[in-house]
Amino acid sequence: MNIVILRGNVGSDPRITTFENGGKVAQFTFATTERGFTAQDGREIPDKTTWHNIVVKRTGLSGVCEQFVKKGTPLLLKGKIETREWRCELLSNIVSLNY
């Protein structure tokens, strides 16, 4: 089973790509944060923010993103993880995780 649920904030306005057949894809960055705490031994554990690249492939949902999602919008996302791999002459393999 490949299901991921993320709660966080949109980091950039969605970039909408419209295709000749009318289909749309929305892409934006998304930040999730694990809140810091004080450990039992008194150590301060700081907040940890993780950035995600979100790709919305369904035309209807992409339209919703286009109308209502802006930088800073809090969202609860449910989707699946997909990976993309490509090669670069300067670097070895680069892997990107999409949620």
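Helices and strands are here runs assigned by DSSP, a helix needing at least four residues and a strand at least two, and they are numbered from the N terminus. In these terms Thr-73 sits in the loop that joins helix 1 (59-68) to strand 7 (74-79). The model described here is a predicted one.

**Overall layout**

The protein chain contains one helix and nine strands, and along the sequence these elements follow the order β-β-β-β-β-β-α-β-β-β. Of its 99 residues, 24% count as buried. Among contacts with a separation of 6 or more, 52% are accounted for by residues 24 or more positions apart. The exposed area of the protein chain is about 7,700 Å², with carbon and sulfur atoms supplying 53% of it.

**Core and nonpolar surface**

The largest nonpolar core has ten residues in all, made up of Val-4, Leu-6, Val-10, Ala-26, Phe-28, Phe-30, Ile-54, Val-56, Cys-65 and Val-69. Strand 1, strand 3 (24-34) and strand 6 (48-56) each contribute at least two residues to this core.

Strand 1 (residues 4-10) also includes Ile-5, which counts as exposed because its relative accessibility is 57% and the threshold for exposure is over 50%. Together with Met-1, Ile-3 and Leu-76, Ile-5 makes a nonpolar surface patch of about 550 Å².

**Around Val-10 and Thr-73**

Setting aside neighbours within four places in sequence, Val-10 is in contact with several residues, including Phe-28, Phe-30, Val-69, Lys-70, Thr-73 and Leu-75. Counted in the corresponding way, without residues up to four places away in sequence, Thr-73 touches Gly-8, Asn-9, Val-10 and Phe-68. A polar atom of the Thr-73 side chain also lies 2.7 Å from the backbone oxygen of Lys-70.

**A buried histidine**

His-52 is found in strand 6, and at 6% relative accessibility it counts as buried, since buried means under 20%. The side chain of His-52 makes a polar contact of 2.8 Å with the side chain of Thr-32.

**Salt bridges**

The structure holds five salt bridges, and the table gives details for some of them.

| Pair | Closest N to O distance |
|---|---|
| Glu-66 and Lys-24 | 2.6 Å |
| Arg-35 and Asp-47 | 3.3 Å |
| Arg-43 and Asp-41 | 2.9 Å |

In the salt bridge between Glu-66 and Lys-24, with its closest N and O atoms 2.6 Å apart, Glu-66 belongs to helix 1 and Lys-24 to strand 3, so the pair ties together parts that are 42 residues apart in sequence. Glu-66 counts as partly exposed at 36% relative accessibility, and Lys-24 likewise counts as partly exposed, at 22%.

The salt bridge between Arg-35 and Asp-47, at 3.3 Å between the closest N and O atoms, joins two loops: Arg-35 lies between strand 3 and strand 4 (37-38), and Asp-47 between strand 5 (44-45) and strand 6, so parts twelve residues apart in sequence are tied together. Arg-35 is exposed, with a relative accessible area of 62%, whereas Asp-47 counts as partly exposed at 45%.

Arg-43 and Asp-41 meet through their side chains, with 2.9 Å from N to O. Arg-43 is partly exposed, having a relative accessible area of 49%, while Asp-41 is exposed at 56%. In addition, Lys-57, Lys-80 and Glu-82 are joined into one network by salt bridges that share partners.

How values were computed. Residues numbered from 1 in each chain as written. Predicted model: local features only at pLDDT ≥ 70, side-chain atom pairs only at ≥ 80, totals over all residues. Heavy atoms only, no water. Buried < 20%, exposed > 50% of the residue type's maximum accessible area, 1.4 Å probe, protein only. Contact = heavy atoms within 4.5 Å. Areas by Shrake-Rupley, 256 points an atom, 1.4 Å probe, with all protein chains shown as cover. Patch = residues over 30% accessible without salt bridge, like charges linked within 9 Å, V, L, I, M, F, W, Y side chains within 5 Å. Salt bridge = Lys/Arg side-chain N within 4 Å of Asp/Glu carboxyl O. Core = buried A, V, L, I, M, F, W, Y, C linked by side-chain atoms within 4.5 Å. Polar contact = N/O pair within 3.5 Å; in protein donor to acceptor, adjacent residues only side chain to side chain.
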